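Colleague: I should like to go through the terms used for this model and hear the grounds for each.

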Amino acid sequence: MEKMKIPVRWKIAGCMGIALLGFGYSDNSNHPAVSHAAEKSTAAALHEICAEDDRLELISHETYEYDRDSISVGTGVDNAYTRVSRIYDDEEIAGISHAYFDEQNRLLYVLGYSSGILEDSISYCEENIYMRDDEEHTCRYVYCKSGSRPYKDGYYVASRYLFEVSDHQFDEKGRLLGSLCYRRNVGSDPNGYSEELFFSRGYQADYDGAYLMAELQYYDYWGTNEVGVWEYRIYQYDEQGNRILEVSVTEEEIRLFCCEYPEDTGQMEVYTYQVTADWELSCDDGSTYYLCPDQNKTAVRKVAADGTVERELFYGKAMDLGQQHYLMPEDVEAAMEDHMYVVKPGDCLWKIAYRAYGHGTYCDLLYRVNRDIIGREEDLLMPGTRLYIPEVGNAQDTKTTYQ
């Protein structure tokens, strides 16, 4: 299997904070040590020190446009993560058909369609479900590949096939702290995929107050014997909140990105260095990062001021992010309450259809999709029975595609 590649560097951006973490080097008499903002507090000073360190090799010098008022900080989180917490405005909501939102204008459910959804045959669609728990600051994202069939003047979702599950943990400010994703792998089930949902990727973030200080992103290989790939990022800032240092550690190399923000140009200067020998990065809280480019040694080792090892990352070794190896689809489906209804005493299909669709005549649809559960007597509903309430739509719903 070909190795999955993570981009060598995520987009660098500034404007993340106020607190400055110090910048330092190993205790080596041949190299100067700078570890506190009081001694060196500008990005220019960091670049000058790097240029004099023979363990660092200058690779490139690039210039970017820099607008402090509008710049956005890239965190390496892909769209699947950011969409979970995104808040949509009223205009965006009006442009997305067949979607549901909560009181904060966050997505709860959205259905996407193929162009032939109204043809006289089963067609492809996909469902995106967001199961939120604001008290626990969590969200489970479920992605289903689904099929649709014509019904009356539109269609209904006739089948669902669970393909991906992602669990996200946020802090009280809504910032993503961690995420674990499980997906189907190629296998032998009737749809051509594995029966289990294998661990696919994971993400962790560390904050100091308002500011992102480190990120870990890891990709696995869906239950194969091959070790996945990972990237670890460390960030430091100046007193104005500019990101002045970014350290990227991957399976292949360790790079530093020193950023300068000349006030007279409105641009950001980025000096990229490659770490060629053991190197240290000290922080104002007394902790120290030990970084080693030698593939036979520990890649990253973070030691607290009291000597406690807070994190270790190894080349060629899978990450332990607290994930399971795989999830069984039925375990996830059992917890999904969307589109499910529990029959109450006195219920009938006509009443349930009226509440769900505004049309009691849709009772025949409910019976059609729940026949195996209800049995031959469609008027005999047992209280406590769980019924699937499928999505229905019409031609208008097919005109907007979900991005």
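Modeller: Let me begin with Glu312, which is partly exposed at a relative accessible area of 36%. The model is predicted, so local features need pLDDT of at least 70 and side-chain atom pairs pLDDT 80 or more, whereas totals for chains, interfaces and linings use all residues. Side-chain values use heavy atoms, without hydrogens and water, and residues are numbered from 1 along each chain as its sequence is written.

Colleague: Why is Glu312 called partly exposed?

Modeller: Buried means under 20% relative accessible area and exposed over 50%, with partly exposed in between (1.4 Å probe, protein chains only). The 36% of Glu312 lies in between, and therefore Glu312 is partly exposed. Arg301, at 32%, is partly exposed too.

Colleague: What makes Glu312 and Arg301 a salt bridge?

Modeller: The term requires a side-chain nitrogen of Lys or Arg within 4 Å of a carboxyl oxygen of Asp or Glu. Their N to O value is 3.2 Å, so the pair qualifies.

Colleague: How do you know that Glu164 and Arg201 also meet in a salt bridge?

Modeller: Their N to O value is 3.6 Å, which is within 4 Å, so the definition is met. Glu164 is buried at 7%, and Arg201 is buried at 9%.

Colleague: Why are Leu349, Ile352, Ala353 and Tyr357 placed on the same side of helix H5?

Modeller: These four residues of H5 (349-357) are buried. They cover an arc of only 100° around the axis, which puts them on the same side of H5; the arc is that of the directions from the helix axis to the C-beta atoms. Helices are DSSP runs of H or I with at least four residues, numbered from the N terminus.

Terms used
Helices (H or I, at least four residues) and strands (E, at least two) are DSSP runs, numbered from the N terminus.
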